[in-house]
Amino acid sequence: MKLSSTETYWPLKNAQKQSYPSINSDIHTDVLIIGGGITGALTAYKLLNEGKKIVLVDRRDVCGGSTSGSTALLQYEIDVPLHQLIKLRGARCAIDSYQNGKKAIFDLRNIIDEVGCDCGFEFKKSIYFTTLKKDVPYLKNEFKARKQHGFEISWLSRSELQKMGLNAIAGIESKTAAVMDPFKLATDLLFHCHEKGMQIFDRTNIASIQHQKGKIIATTGSKHVITADHIIHCTGYESTETLKEKVVDLKSTYVIASESQPDLPENFKHVIFWDTASPYHYIRTTEDNRIIMGGGDEDFKDTNKRDKLLPKKEQYLLKQFYKRFPDLDFKIDYSWAGTFGETKDGLPYFGKPNPRKNEHYILGFGGNGITFSVLGINSILDSLHNKKNTDLEYYRFGR
């Protein structure tokens with residue numbers, strides 16, 4: 001599956017620190033990680049610190065899939081609002097998921113500091129707003145639910161939003177959110193793990209997986225064999241190719257990035273914005289003063305149809321931006337389309353689809369893919385060792 005189109009912003013901004021070979025021999029390892037994006041990199045970092053012998057493979061260049069197209073909004077809010085998630089999954093799962101998302105942002109910052117990665121991580125506020133009168137009661141229900149369960153939030157009126165340059169009716173301001181460059185973090189994590197002894201092979205496709213006498217035999221497209229005790233699939237939306245259970249509805253999503261604008265207002269630069277539209281729109285800035293806006297999602301049909309819509313979606317997103325921020329300038333410098341996915345409850349999938357097989361998944365679907373991946377690495381050891389874990393129960397397959 002081609003996960004993004006055209007030239008996305010992050011790979012052009014960053015030069016690859018290290019290139020990796022394709023596999024050229026048979027290998028034995030404790031853990032085989034399939035997928036060299038941000039999720040695979042975080043998982044490798046976690047397991048390497050636990051003393052595991054790891055091989056990581058990717059069918060394309062590492063970080064060349066969804067990671068290169070991610071807009072990296074780090075929020076504890078989930079695509080399904082708290083008051084609705086409580087109805088879907090119960091209060092404990094819903095509240096824990098929101099609280100764990102908040103913790104994941106700080107956990108990620110600690111990993112960034114440990115590696116010494118200059119990936120532009122910056123804490124920001126998040127404003128969830130509406131431009132529609134009919135959505136005000138919905139937004140008030142969400143405010144009430146979050147306030148009731150201890151989240152640090154504020155209600156913003158139309159006049160308060162207008163002072164920020166935002167043409168909207170009402171909003172919820174959350175104190176904890178962040179942004180970063182996901183491509184830079186993923187490539188630095190992989191380089192760090194490679195320096196610590198992890199083997200990385202890109203341009204290496206796993207053609208088949210077999211289970212033999214407690215071992216897993218993964219055969220590559222070039223007929224080389226990787227024998228492992230465990231396999232961890234960090235393949236994101238491409239997991240639809242290996243999972244029997246349908247866990248995600250695929251979408252096509254679109255992004256535009258502006259030219260650098262040194263004179264952006266300070267109160268605009270330090271906030272992530274997203275709205276109650278369905279599908280929603282989101283806006284953030286980068287450390288070099290670009291504006292990124294995304295949305296315009298469509299049901300995914302195929303990559304060609306997705307990419308043909310890009311010129312139309314550029315103009316759609318630009319129009320939506322000016323409706324919300326009429327006093328700001330936006331000259332498009334980059335645009336791209338990507339594959340995105342939503343689960344029925346907005347939550348990720350972790351663990352083993354088949355309890356009898358040592359094949360594990362960390363799938364951080366939705367707008368919280370990166371923070372979900374951080375949650376996933378905090379439970380992966382228990383999955384490897386068949387231990388009970390609350391997150392493995394919340395985010396299990398077959399739920």
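Biologist: Which residues of α8 are buried?
Modeller: In this predicted model, the buried ones in α8 are Pro 182, Phe 183, Leu 185, Ala 186, Thr 187, Asp 188, Leu 189, Leu 190 and Cys 193.

Biologist: And how many residues does α8 have?
Modeller: There are 14, running from 182 to 195. From first C-alpha to last, α8 reaches 20 Å, close to the 20 Å expected at 1.5 Å a residue.

Biologist: What goes on at the start of α8?
Modeller: Asp 181 puts a side-chain oxygen within 3.1 Å of the backbone nitrogen of Phe 183. Just after the helix, Gly 197 has a positive phi of about 115°.

Biologist: Back to Cys 193. Why no bond for its sulfur?
Modeller: The closest cysteine sulfur belongs to Cys 63 and is 11 Å away, so that is too far for a bond. A disulfide needs the two sulfurs within 2.5 Å. Cys 193 is also buried, at 0% relative accessibility.

Biologist: How many disulfides does the count come to?
Modeller: Zero.

Biologist: What about Cys 93, buried or exposed?
Modeller: Cys 93 is buried, with a relative accessible area of 4%.

Biologist: Switching to pockets: how much space lies in the second largest one?
Modeller: About 420 Å³. Its lining has 22 residues, and Asp 79, Ser 278, Pro 279, Tyr 280 and Glu 342 lie nearest the centre.

Biologist: Which elements give two or more residues to that lining?
Modeller: β11 (249-258), β12 (271-275) and β14 (291-299). The largest share is from β14, with three residues.

Biologist: How do the lining residues divide up?
Modeller: Eight are nonpolar, five polar and nine charged.

Definitions and conventions:
Residues numbered from 1 in each chain as written. Predicted model: local features only at pLDDT ≥ 70, side-chain atom pairs only at ≥ 80, totals over all residues. Heavy atoms only, no water. Helix = DSSP H or I, 4+ residues; strand = E, 2+ residues; numbered from the N terminus. Expected span 1.5 Å × (residues − 1). Buried < 20%, exposed > 50% of the residue type's maximum accessible area, 1.4 Å probe, protein only. Polar contact = N/O pair within 3.5 Å; in protein donor to acceptor, adjacent residues only side chain to side chain. 1 Å grid on protein atoms, 1.4 Å probe; cavity = no way out; pocket = protein on both sides within 12 Å on 5 of 7 lines; lining within 4 Å. Points joined across faces, edges and corners; volume = space filled by probe spheres on them. Nonpolar A, V, L, I, M, F, W, Y, C, P; charged D, E, K, R; others polar.
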